[in-house]
Amino acid sequence: MNALQSWAQERADLVARVASSVVCVQTGPGRSLSGIVWDEQTVVTAAEGLSGDRALVHTRQDRFEAEVAALDLTTDVGVLRVRSGQSAPARGDSGSLRAGQPVVLVGQDAGDTLAQWADVQRVGPAWRSRRGGQLARTIRFSFRLDAALEGSAVFDASGALCAMAVPGARGRAIAIAVETLEAVTARVAQFGYLPQPYLGVRLQPVWLDEVQRKELERERDTAVIVTGVDARSPAQDAGLAFGDLLLSLDNRPVYSAGAVAREIAATGIGAVVQLEVRRGGTKKGFSVTVGERPRG
Amino acid sequence: MKAIAAAATAPLRQELALRLQAAGFEAAQLVEDPQALHEALAQEARSWVVTAGPSNLVRPFVRTALQARVPVLALIEGDPAALRGMLQGGAAAVLDLRASAEAIRASSAAIHAGLVVWQPSAELDPSPGAKPAPLSPREREVLAGVAAGLSNKLIGRQLALSPNTVKFHLQEAFDKLGVASRAEAVAVAMRRGELSI
């Protein structure tokens, strides 16, 4: 066997070795993504791919009903509770990944193993997602992610799990570092669910005209207004009220409700944030302790 | 490509068959509910879907077709606004129920090429998301449960609804928000002031 043949064979052998640690997660008729066996009762997959609160997990031999235990809206990590009977892959360290390093994305679709070798295009430091999630490392690829490979496992050449592949901006493949998967699953294991940071305000955008913009010393012509304060919420405890114009959060100007959602999602439960509002012509400051979103 | 005609009532199915014929297509099958459509699509490898009726009756058929990644043409009676959020990521045409045979033929060609067609009309605003439909109080309650990480079963228990009813309200909310996942629904609802942060 020549070098090329043995190289080709080793690539396929590696995929075959790790294939039993990935599953197919079926979310509806004709819709499925991939998932990674995490431990004997957990599968992790892409939160964005989950439309319902249940899914069918297919291993190569069998299929199992899975319950969605937690969706981390901020990191795109979904945790499924399922006894798949498969063993978890060896975990590596995403810190060992380097730009240009070949890795393999392994997923599953209807009993068939899916595999795609790819060079890591970019490796960078921790970053914050557009939803406010803390991602342990930047890992990007140069191609669009196939839908069936959403939630697939990223293995290095030793067969160690380094990350999970998900679609990033414009469908481009990015990967969530194994350290982030560990952080999310550890929290779910601790609480049985994922506690969600919560203020208890509903916000809507408002547009300021030039006079208002100047008077409020705003750089942009948008702001958000409080259109609701939940009963028994941190926002109510702090004294926020309907009609307050929210100007800043922790001394950074606020221009959209999405930005507030992102900031709060990135803030831990128990942290104190400073909100500055305009009420009846005067500015007021409030300290709000971020709480946990009530579960009923 | 075989056309599958889907409509909830017998008069609509009859109307649909006639309209298809006038446009030069033949309906290979007539189905009356989304489950039957789902099964028909599973059997027919190469097919497309034509449906007709008011938005609320047409919506489940459009959803089934889009989920199966099959082109779908909807002839709408009344206001099609409720379909607006659904059309992302699929080949779909939304026409008025009185659309001409020529418009139906042209739209068929367009959706088979993977395009989205929205028939301009005086009472319609064709820009997607320009006037987002507000969520109902029930949809907001259900979404708050989703945001807290509850399953449909637990949400149902708290609101005294069956899990299927929860699922129904959630799907309605997904359509109004133009999203396909629980995660996206929560994010969009927060951004629009429909869900507290």
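Helix H2 of chain A, residues 178–191, lies across four named strands: S2 (31–39), S3 (42–46), S5 and S6 (77–81). H2(A) runs at about 45 degrees to S6(A). Keep in mind that this is a predicted model.

What are those strands part of? A barrel. In chain A, 6 strands close up in the order S1-S2-S3-S6-S5-S4. The pairing is antiparallel. From one strand to the next, the twist averages 40 degrees.

Take one pair from that barrel. Strand S4 of chain A covers residues 54–58, and strand S5 of chain A covers 63–72. They pair in the antiparallel sense, over 5 bridges. Which residue of S5(A) stands opposite A:Leu56? That is A:Glu65.

Next, the open sheet in chain A. It has 7 strands, ordered S8-S7-S13-S14-S15-S12-S9, with antiparallel pairing. Strands S8 (112–119) and S9 (122–124) of chain A stand at the edges. Each has a single partner strand, so one side of each is left without a neighbour in the sheet. Ignoring direction, neighbouring strands here are turned by 30 degrees against each other on average.

Inside this sheet, look at S13 and S14 of chain A. S13(A) is residues 152–155, S14(A) is residues 161–167, and 4 bridges join them. They run antiparallel. A:Val154 stands opposite A:Ala163 in S14(A).

Now the helices on this sheet. Helix H1 of chain A, residues 3–18, packs on it and touches S7 (102–109), S8 and S13 of chain A. The direction of H1(A) makes about 50 degrees with that of S7(A). Our opening helix comes back here. H2(A) packs on the sheet too, touching S14 and S15 (172–177) of chain A. Its direction makes about 60 degrees with that of S15(A).

Some totals for chain A. The secondary structure comes to 5 helices and 23 strands. Of the 296 residues, 43% are buried. Consider contacts between residues at least 6 apart in sequence: 59% of them join residues at least 24 apart.

Last, one helix in chain B. Which residues of helix H6(B), residues 152–159, are buried? They are B:Asn152, B:Ile155 and B:Gly156. Why do they line one face of the helix? Because, seen down the axis of H6(B), they fall within an arc of 100 degrees. The general rule: an α-helix has 3.6 residues a turn, so residues three or four places apart point the same way. What do the buried residues of H6(B) pack against? Helix H5 (137–147) and helix H7 (163–177) of chain B. Just after H6(B), B:Ala160 takes a positive phi of about 55 degrees.

Note on methods
Residues are numbered from 1 along each chain as its sequence is written. Chains are lettered from A and ligands numbered from 1 in the order in which they are written. This is a predicted model: local features need pLDDT of at least 70, side-chain atom pairs count only at pLDDT 80 or more; totals for chains, interfaces and linings use all residues. A residue is buried if 20 or more other C-beta atoms lie within 10 Å of its own, exposed if 12 or fewer, and partly exposed in between; C-beta atoms are placed from the backbone. Helices (H or I, at least four residues) and strands (E, at least two) are DSSP runs, numbered from the N terminus. The arc is that of the directions from the helix axis to the C-beta atoms. Two residues are in contact if their C-beta atoms, placed from the backbone, lie within 7 Å. Two strands pair if DSSP finds at least two bridges between them. Axes are lines fitted to C-alpha atoms, for helices over the stretch in contact, and angles run from 0 to 180 degrees between N-to-C directions.
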